[in-house]
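Work through the exercises below with the sequence and the three-dimensional model at hand, and try each task before reading its solution.

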Amino acid sequence: AHLARISTVEPQVNAFLHVDAETTLAQARAVDARIAAGERLGPLAGVPIAHKDVFTTTDMPTTAGSKILEDYRPPYDATVTRRLREAGLVILGKTNLDEFAMGSSTENSAYGPTRNPWDLSRIPGGSSGGSSAAVAAYEAPLSTGTDTGGSIRQPAAVTGIVGMKPTYGGSSRYGLIAFASSLDTPGPFARNVLDAALLHEAFSGHDPLDSTSIDAPVPSVVEAARNGDVAGLRIGVVKEFGGDGYQAGVLARFHESVELLESLGAKVVEVSCPSFTTALPAYYLIAPSEASSNLARFDAMRYGLRVGDDGTRSAEEVMALTRAAGFGPEVKRRIILGTYALSSGYYDAYYGQAQKVRTLIARDFEAAFNQVDVLVSPTTPTTAFPIGERADDPMAMYLADLCTIPTNLAGNAAISVPCGLADEDGLPVGLQIMAPVLGDDRCYRVGAAVER
Ligand code: GLN
C-alpha cells in the first residue's frame, strides 16, 4: 500500500531519491520468514520506513543529496539502518535532503526540491525535508532524519508531524555521512508521539562503533509517550523566543499549548536564557568548521565522482576539478567559511570564541533545568515559506533554525510536536519541548499531553 501511495504522490512531492519496490518486497518477505521461523521481533516488525539518504545502506545507494556521491553504494550499513533491519522494519527507500544536510528547505539538494504536502508551492523544511514530506504525505508511516541545527524538528514542525532530536550520543553516528560531528544526531519522524517513541527506542542505545556514543541505559521513551501525565511538572517558557520576527499564528498556537499544559496541572514559569540569542552565529562558525574538515574526504580518490582524470593532470588538479563539479554552492560556502575560521591567526577569534559561546549556552540550559523540568518554545518563527523565497538569501534561510540550534550546541534532547494550524495561512505549527541531557523521556511525556 505504501509503495502504491509513493507512485501516486511522488510526481508532486519528490520526497524520495531512491525507491526500489523489488528490494523492499524482498525485505518484507524475509521478515515474514523470520516470524514464521519463530523469531521474536520487536513491536515494529514489518512496518515500512524511509531513511534520510545520509544513512548508509548496503542494498540502496547513499548520496547525501550530492552529485559527488551519485550512485555511491556503501559497503556497510549504518548502525541505525542495521538495528532497524534487525528489528524487522522494511526500507521503502531513501529520502531527499539538502546536500550534506546543509539547509532548512531541501532546496539545496542536487536532485531538485521536495514539496510540502500541505501546499506544494512551499518547502517541507530541511535538511530532512524528504523524510518529513514522506511521512506527512502518507508515503511512509515512519522515517529517520538527522538534526545538526534543527534538521529534524524544523521539517517536522512545518509539515505537521512529530520529530525528535535525541540527546547527543544517544543515537549512533556510525555510518552516518558526517556534516558536523559534534552536533549530528540521528532521530525519528512519525505522525504521533507514541510512534516516534517506538522508533526512537528501536535504534537507540550504546554503540561501541561511535566514540561519542553514551554508555548509559536509553531513557524509557515509550513508557513516557504512553503516560503523558504533566500534573505537577514545571515548564519554562523561554523568554528570548517570541516577539519580533515571529508569525502571529505561530505565537497564538504556542500560547494555547502553554495554556493547555497549565490546565493539565503543569506549573508554567518564564525562564531567561540570555546566551540563546548568540547561538546562531556560534553555530555558523562551529558547523562549517567541522564540515570543512569532514568533507575533505571527498577527494576524487576514495568515493564517487572523479572529474578530469585523463592521464594528463595531477592528483591535485583532479581533486580540484571534482570538488568544483561535485559540490553545490551552499556546501562550497560552508567549506570556505569553515576553512577560514580554522586558519592560523583566525582560529582563536572565530572558532575558539564560538566554543566559549557554546559553553555559555550549555550553562544557560543547566541553570534553567535547575528551575524547571522542560523548556518550551515555538519550533520555528514562521510556518513553511514558499519555495524560492529564501533560496538566494542564506541569512534569511539560517533564521529558520533560531529556536532549535541552542539544543544542538548543548547536546540535550528536544522534540517538535504539532500544535495546530496558523490562522493566516492554515499551515502547521510546531511546539518545541526541550529537556536535559538524557531527559529524552520528558520530551515524549509532555509531547503526548499536548500533541494535536
Ligand atoms: N539548517 C541548519 C544548517 O543549514 C541545520 C541543518 C541540520 O540540522 N542538518 O546548517
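Contact, as the word is used in these exercises, means heavy atoms within 4.5 Å. The model is predicted.

**Exercise 1.** Determine how helix α3 and helix α6 are oriented towards each other, and find which residues meet.

Solution. Two packed helices are described by the angle between their axes and the distance between the axes. Here the axes of α3 (residues 79–86) and α6 (residues 193–203) come within 8 Å and cross at roughly 105 degrees. Angles of 65 to 115 degrees count as roughly perpendicular, and α3 and α6 are therefore roughly perpendicular to each other. The next step is to list the residues: V80, R83 and L84 on the α3 side meet L199, A202 and F203 on the α6 side. Sorted by character, the residues of this contact comprise 5 nonpolar and 1 charged, with no polar ones.

**Exercise 2.** Carry out the analysis for helix α9 and helix α11.

Solution. The axes of α9 (residues 279–294) and α11 (residues 329–342) cross at roughly 100 degrees and come within 7 Å, which makes α9 roughly perpendicular to α11. From α9 the contact draws on Y284, L285, P288, S289 and S292, while α11 supplies R334, I335, L337, G338, T339, A341 and L342. The residues of the contact of α9 with α11 divide into 7 nonpolar, 4 polar and 1 charged.

**Exercise 3.** Describe the surroundings of the ligand and its polar contacts with A101, S127 and S151.

Solution. Begin with the neighbours: 15 residues surround the ligand, and the closest are G149, S151, Y283, R334 and D401. Then turn to the atom pairs, where a polar side-chain atom of S151 lies 2.6 Å from an oxygen atom of the ligand, and a polar backbone atom of A101 is 2.8 Å from a ligand nitrogen atom. A nitrogen atom of the ligand also lies 3.4 Å from a polar side-chain atom of S127. Finally, the ligand taken alone exposes 300 Å², of which the protein buries 100%.

**Exercise 4.** Locate S127 and N14, and state what is notable in the backbone at each.

Solution. Most residues other than glycine have a negative phi, and most peptide bonds are trans. S127 sits in the loop between β3 (90–95) and α4 (129–136), and the peptide bond from G126 to S127 is cis, with omega near 5 degrees. N14, in the loop between α1 (2–13) and β1 (16–19), has a positive phi of about 55 degrees although N14 is not a glycine.

Technical notes. Residues numbered from 1 in each chain as written. Predicted model: local features only at pLDDT ≥ 70, side-chain atom pairs only at ≥ 80, totals over all residues. Heavy atoms only, no water. Axes fitted to C-alpha atoms, helices over the stretch in contact; angles between N-to-C directions. Helix = DSSP H or I, 4+ residues; strand = E, 2+ residues; numbered from the N terminus. Parallel < 35°, antiparallel > 145°, perpendicular 65-115°, else oblique. Nonpolar A, V, L, I, M, F, W, Y, C, P; charged D, E, K, R; others polar. Near = heavy atom within 4 Å. Polar contact = N/O pair within 3.5 Å; in protein donor to acceptor, adjacent residues only side chain to side chain. Areas by Shrake-Rupley, 256 points an atom, 1.4 Å probe, with all protein chains shown as cover.
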